[in-house]
Amino acid sequence: MKTKHLLQLILLGAIWGSSFMFMRMAVAPLGPEWLLAIRIGSASIMLWLIGLAISKPLQIARHWRHYLFLGVFNTALPFFAFAYAALTLPASILAILNSTAPFWALLIGFLWKGKPITRRAIVGLVLGISGVASLVGLGGVNIGDSGLLAVAVTICAAISYGFSSIYAEFAERVEAYANAHGSLWAAAFMLIPLAALAPTPDPWPFLATGYAMVLGMLCTASAYLLYFHLIATAGAPAALTVGYLIPLWGVLWGWLFLNEPVGWNTIIGAGLVLSGTVLVTGFTPQLFSRLRRRQATAS
C-alpha cells in the first residue's frame, strides 16, 4: 500500500469515526427523524450534483430494485437505528458496536448462502460477543434498561449492514458510485417523509442542523467518494481495513469533544471486538505485503 493510500485510509477512518460524534450532538435538539432527513437529503443532493458534473447516470429503470434493497438494508434501517440509539449511547459505544457487522455477515452468509465458517472465524465470533458483553455492562458498568435497548437497536443496524454486504456479494454487479448514489436516494424517499410526521423543533436548532449537514455531506457523501476512490486505486481488501480504524477514531472523538469517559470495559470491549473482527475477516499483516507485491508487479 502506497503512503498516500495509507493516509487516505486514516482520513477515511477519522471521518467515519466522527459520524457518531455528530449524531450525538445533533439528535437531541433535532430528533431522529429531522436528523435523518437533513443527513440523507444533504448527502443525496451532493452526490446528485457530483453525478451531473461527471456524467454518471444511475440507470434507475434497470437497477431500481437493487437500489431499493441497498437503500433499505444498507442505509435506511441502519441510519435510523443509529439515530435512535444516539439518544442514549455514547459515540464510542456506537462506533464499536458498528464494527460487529462482519460477525453478522459471517452468520448470514452461512445461513443464507451456505458460506463455510472456519475455526478461526468461530473464535473471532466468540471474541466479538465477549466484547459486546463487556460494553453493555458485564465488565462492571451498568448502562441501564434504556441503554440495553439502544444496544439492541445498534446491533440490529450492524446486522442490517451484514445482510446487505452478503446481498451485494452475490447481486448483479453495479458500479460502486451508482450503488452509493442510488441507495441514498432510495433511502431518502423512505426516511425524509418521516420528518413531516415528527414534531418540528421550536426554536429551530441551527447549530444542530449544521452538525447534521456535516454528517450528510462529509461523513456520508464525501466519505463514500473517498472509500470508492480507495477501492479503485488501492484495491478492495485494503479499503475494507478502514473498519478497524473507525471504532478507534469513534472513541477518540467522543473522548476529545464530548468528554465521554473511556473505562476499562470500553477498552477491553473494543479490543475484543477488533480482535474478533480481524479473525472473522481473515485480515493478516501479510495482506499489505501481498498488495505491495501485486502493485510492484503491475507497475
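Let me start in the loop between α2 and α3, where Gln59 lies, with helices and strands taken here as DSSP runs (H or I of at least four residues for helices, E of at least two for strands) and numbered from the N terminus. Gln59 has a positive phi of about 50° although it is not a glycine. Most residues other than glycine have a negative phi, and most peptide bonds are trans. With a relative accessible area of 45%, Gln59 is partly exposed; on this scale buried means under 20% relative accessible area, exposed means over 50%, and partly exposed is what falls in between, using a 1.4 Å probe and protein chains only.

Before going further, I should say that this is a predicted model, in which local features need pLDDT of at least 70 and side-chain atom pairs count only at pLDDT 80 or more, while totals for chains, interfaces and linings use all residues. Residues are numbered from 1 along each chain as its sequence is written, and side-chain values use heavy atoms, with hydrogens and water left out.

Stepping back to the whole chain, the secondary structure comes to 13 helices and zero strands. Of its 299 residues, 49% count as buried. If we take the contacts with a separation of 6 or more, where contact means heavy atoms within 4.5 Å, then 90% of them come from residues 24 or more positions apart.

Now to the helices on either side of our opening loop. Two packed helices are described by the angle between their axes and the distance between the axes. The axes are lines fitted to C-alpha atoms, for helices over the stretch in contact, and the angles run from 0 to 180 degrees between N-to-C directions. Helix α2, residues 32-54, packs against helix α3, residues 60-85, at an angle of about 135°, and their axes are 9 Å apart. The two are therefore oblique to each other, given that angles under 35 degrees count as roughly parallel, over 145 as roughly antiparallel, 65 to 115 as roughly perpendicular and the rest as oblique. The crossing of α2 and α3 is right-handed; that is, the near helix is turned clockwise from the far one by less than a right angle, whereas anticlockwise would be left-handed. On the α2 side the contact is made by Pro32, Leu35, Leu36, Arg39 and Ile40, and on the α3 side by Thr75, Phe79, Phe80, Ala83 and Tyr84. By class, that contact has eight nonpolar, one polar and one charged residues, where Ala, Val, Leu, Ile, Met, Phe, Trp, Tyr, Cys and Pro count as nonpolar, Asp, Glu, Lys and Arg as charged, and the others, Gly among them, as polar.

Which residue follows α2, and what is the sign of its phi? The residue is Ser55, and its phi is positive, near 55°.

Helix α2 also has a partner in α1, residues 3-30, and here the axes come within 7 Å and cross at roughly 125°. This pair, too, is right-handed in its crossing, with Met23, Ala26, Val27 and Leu30 in α1 meeting Pro32, Trp34, Leu35, Ile38 and Arg39 in α2. The classes in this contact are eight nonpolar, no polar and one charged residues.

Helix α1 makes a further pairing with α11, their axes coming within 7 Å and crossing at roughly 55°, which makes α1 oblique to α11. Among the residues in this contact are Trp16, Gly17 and Phe20 of α1, together with Trp249, Gly250 and Trp253 of α11. By class the α1 contact with α11 has nine nonpolar, four polar and no charged residues.

Let me turn to single residues elsewhere. Is Ser160, which is found in helix α7, residues 144-170, buried or exposed? At 6% relative accessibility, Ser160 counts as buried, and, leaving aside residues up to four places away in sequence, Ser160 touches Val72, Phe73, Asn74, Leu77 and Pro78.

By contrast in setting, Asn259 is found in the loop between α11 (246-257) and α12 (264-281), and is exposed, with a relative accessible area of 67%. Asn259 has a positive phi of about 55° although it is not a glycine.

Finally, in the loop between α8 (176-197) and α9 (206-234) we find Pro203, which is joined to Asp202 by a cis peptide bond, with omega about 0°.
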